[in-house]
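Here is a short briefing for your first look at this protein model. Keep the sequence and the 3D view side by side as you read.

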Amino acid sequence: MANPPERREYDIDIPAEVEPGTYADFASIWHTADSFVLDFAVLKRPPKPSVGEDGSRVLKVPTRVVTRVRVPPSQVFEIMKGLEKQLSMWERSHGVKRRPPEDS
């Protein structure tokens, strides 16, 4: 039996119509039994104060999904590792940025 390669290197081809990318300033992440779903969206207009069904005050943020990506659970850890690696490299290049406040 031959020795398997030590690592994989993907030769990624990006179609011309996809290459510019799609801007998104919001992501909603959810899952089903067999996939994680990432809905990338943009804000349509400024948020507007409103009243929820229970009478509480809420801030309605109208958004529009610009793309949906479905990922098998086996790839989620690899995506998380890749994001962490890229974020660390970005912070070394551009400085650590203060994180936005978390929603309560």
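D39 and R68 form a salt bridge, with their closest N and O atoms 2.5 Å apart. D39 belongs to strand 2 and R68 to strand 5, so this pair ties together parts that are 29 residues apart in sequence. Bear in mind that the model is predicted.

**Salt bridges**

- How many salt bridges does a search of the whole structure find? The search finds three.
- Is D39 buried or exposed? D39 has a relative accessible area of 7%, so it is buried, the cut-off being under 20%.
- Its partner R68 has a relative accessible area of 44% and is partly exposed.
- Another salt bridge joins the side chains of R7 and E9, at 2.6 Å from N to O. Both of these residues are exposed.
- The side chains of K81 and E78 also meet in a salt bridge, at 3.1 Å from N to O.
- Where do K81 and E78 lie? Both are in helix 1, which covers residues 73–94. They sit three residues apart, about one turn of the helix.
- K81 has a relative accessible area of 52%, and E78 has a relative accessibility of 43%. The cut-off for exposed is over 50%, so K81 counts as exposed, whereas E78 counts as partly exposed.

**Strand 2 and its two partners**

- Strand 1 spans residues 26–31, and strand 2 spans residues 36–43. They pair in the antiparallel sense over six bridges.
- A hairpin with four residues joins strand 1 to strand 2.
- Strand 2 also pairs with strand 5, residues 63–71. This pairing is antiparallel too, and it has eight bridges.
- Which residue of strand 2 is the bridge partner of W30? The partner is V37.
- V37 also stands opposite R70 in strand 5.
- The salt bridge between D39 and R68 links strand 2 and strand 5 as well.

**Strands 3 and 4**

- Strand 3 covers residues 48–51, and strand 4 covers residues 57–60.
- These two strands pair in the antiparallel sense over four bridges.
- Five residues lie between them in a hairpin. In the turn, G55 has a positive phi of about 90°.
- Which residue of strand 4 is the bridge partner of K48? The partner is K60.

**Surface patches**

- A positive patch on the surface is formed by K44, R45, K48 and R64.
- K48 is thus a patch member, and it is placed in strand 3.
- Is K48 buried or exposed? With a relative accessible area of 57%, K48 is exposed.
- A nonpolar surface patch is made of Y10, I12, I14 and V18. Together they have about 470 Å² of accessible area.
- One of these residues, I14, is found in the segment before strand 1.
- Why can I14 be part of a patch? Patch residues need over 30% relative accessible area, and I14 has 46%, so it passes this cut-off. At that value, I14 counts as partly exposed.

Conventions: Residues are numbered from 1 along each chain as its sequence is written. This is a predicted model: local features need pLDDT of at least 70, side-chain atom pairs count only at pLDDT 80 or more; totals for chains, interfaces and linings use all residues. Side-chain values use heavy atoms; hydrogens and water are left out. Two strands pair if DSSP finds at least two bridges between them. Patches are made of residues with over 30% relative accessible area and no salt bridge: like charges are joined within 9 Å, nonpolar side chains (Val, Leu, Ile, Met, Phe, Trp, Tyr) within 5 Å. Accessible areas come from the Shrake-Rupley method with a 1.4 Å probe; for residues, only the protein chains shown count as cover. A salt bridge is a side-chain nitrogen of Lys or Arg within 4 Å of a carboxyl oxygen of Asp or Glu. Lys and Arg count as positive and Asp and Glu as negative; His and the chain ends are not counted. The place of a charge is taken as NZ of Lys, CZ of Arg, CG of Asp or CD of Glu. Buried means under 20% relative accessible area, exposed over 50%, partly exposed in between (1.4 Å probe, protein chains only).
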